[in-house]
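Welcome! Below is a short tour of one structure, with its strands, its empty spaces and its charged pairs as the stops.

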Amino acid sequence: MALSLYVDTARWRAHQKSVIDQFPELVPVCKGNGYGFGHERLADETIRFGSDTLAVGTTYEAARIKDWFSGDLLVLTPFRRGEEPVPLPDRVIRSVSSVDGVHALVGARVVIECMSSMKRHGVKEEELGQLHAAIEDVRLEGFALHLPLDRTDGSDAVEEVIGWMDRLRAARLPLHTMFVSHLRAEELARLQQQFPQTRFRARIGTRLWLGDHEATEYRGAVLDVTPVVKGDRFGYRQQKAASDGWLVVVAGGTSHGVGLEAPKALHGVMPRAKGVARAGLATVNRNLSPFVWAGKQRWFAEPPHMQVSILFVPSDAQEPRVGDELVAHLRHTTTQYDRLVDR
């Protein structure tokens, strides 16, 4: 009995193709937990559709994935002088976000990140003049811009890239390749038209692997069902059942990522109100689980355990049976499945 990730493989791959068709120079991203699929699976998919480069998050991920993918590996986390050395093959490309970092990587293949409106990391405009001497000692693969997802100020992503292209050109730096993130296909086409001599490569992860929500589904198997009546005590803390129903033990606990949730950016009055309501319920030990039974998300009976969750299903719903599977609304990037099932 397991927490399973079911994949409609034909549909999932059709979506991949639609993204690749829009971004022909695409660099797929495989970082973290492999967007819920795992590094090995995404490496296999990347080989299948023929990309020559795979982007990973860290040098540690590159060290693992190198045995599954024989092409170039682009490490997205910028190099820092003094970081722990990790043995990597020559086909690994390092991102660098400082002039000092470029100087420290003599002989290495590098992509230089420019400071975008994200203001996360990158070489600044006033530092471009210092790059001439620095890049003589490295193998420059190109420059990169990591752009924000939302532009609440009404600014234009294409204009931001053009601005940096103009700065790099004015500094007489090579513009043969630009790696970009979070651009739409039509925006990338505008850039390619304006700079025909530059190869634009979109680094894409979420849109490529998770863009079709109907292609995947998590399900937790029911392991045990125990009837309770109002007032019965149960669980580690011996709480009382609020009404008649069933305690349902389902595969999927904290080790899988169940009950762990990344913070969300809330926009608008209604989402904020719902967030306040959830927080209020949590103070009285009422927490909604991600598991669905009989068309409704069910409440945790108590906080999830390491490998299972215990749910409360009221008596007015259908009784679950051992072996049933409950759909679970889980975030791919924080979930670790027991098994993946291709359908």
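The structure holds 26 salt bridges, a salt bridge being a side-chain nitrogen of Lys or Arg within 4 Å of a carboxyl oxygen of Asp or Glu. Before we look at some of them, please note that this is a predicted model, in which local features need pLDDT of at least 70, side-chain atom pairs count only at pLDDT 80 or more, and totals for chains, interfaces and linings use all residues. Residues are numbered from 1 along each chain as its sequence is written, and side-chain values use heavy atoms, with hydrogens and water left out.

Here are three of the pairs, with the distance between N and O atoms.

| Acidic partner | Basic partner | N to O distance |
|---|---|---|
| Glu83 | Arg94 | 2.8 Å |
| Glu319 | Arg321 | 3.4 Å |
| Glu325 | Arg339 | 3.8 Å |

The pair of Arg94 and Glu83 links distant parts of the chain, 11 residues apart: Arg94 sits in strand β5, and Glu83 in the loop between β4 (72-75) and β5. Helices (H or I, at least four residues) and strands (E, at least two) are DSSP runs, numbered from the N terminus. Arg94 is buried, with a relative accessible area of 10%, while Glu83 is partly exposed at 27%. Here buried means under 20% relative accessible area, exposed over 50%, and partly exposed in between (1.4 Å probe, protein chains only).

In the second pair of the table, Glu319 is partly exposed at 26%, and Arg321 counts as exposed at 51%. The third pair also links distant parts of the chain, with Glu325 in strand β17 (residues 325-328) and Arg339 in strand β18 (residues 339-342), 14 residues apart. Salt bridges that share partners also join Arg13, Arg41, Glu45, Arg48 and Asp342 into one network.

Let us return to Arg94, which stands opposite Val110 in β6. Three bridges join strand β5 (residues 92-96) to β6, and the two run parallel; strands pair if DSSP finds at least two bridges between them. On the other hand, five bridges join β6 to strand β7 (residues 139-146), again in parallel, and Arg139 in β7 is the bridge partner of Arg109.

How many residues of strand β6 (residues 109-113) are buried? Five of its five are. Arg109, Val111 and Glu113 point one way from the strand, and Val110 and Ile112 the other way.

Now for the empty spaces. On a 1 Å grid over the protein atoms alone, a cavity is a set of points where a 1.4 Å probe fits but cannot get out, and a pocket is an open set with protein on both sides within 12 Å along at least five of seven lines; lining residues have an atom within 4 Å of a point. A search of the whole structure finds one cavity of 30 Å³ or more. The largest cavity holds about 40 Å³ of space, and its lining includes Glu113, Cys114 and His146.

About 830 Å³ of space lies in the second largest pocket, a volume being the space filled by probe spheres set on the points, which are joined across faces, edges and corners. Of the 34 residues that line this pocket, the closest to its centre are Lys31, His146, Leu149, Ser181 and His182. Strand β9 gives the most to the lining, with three residues.
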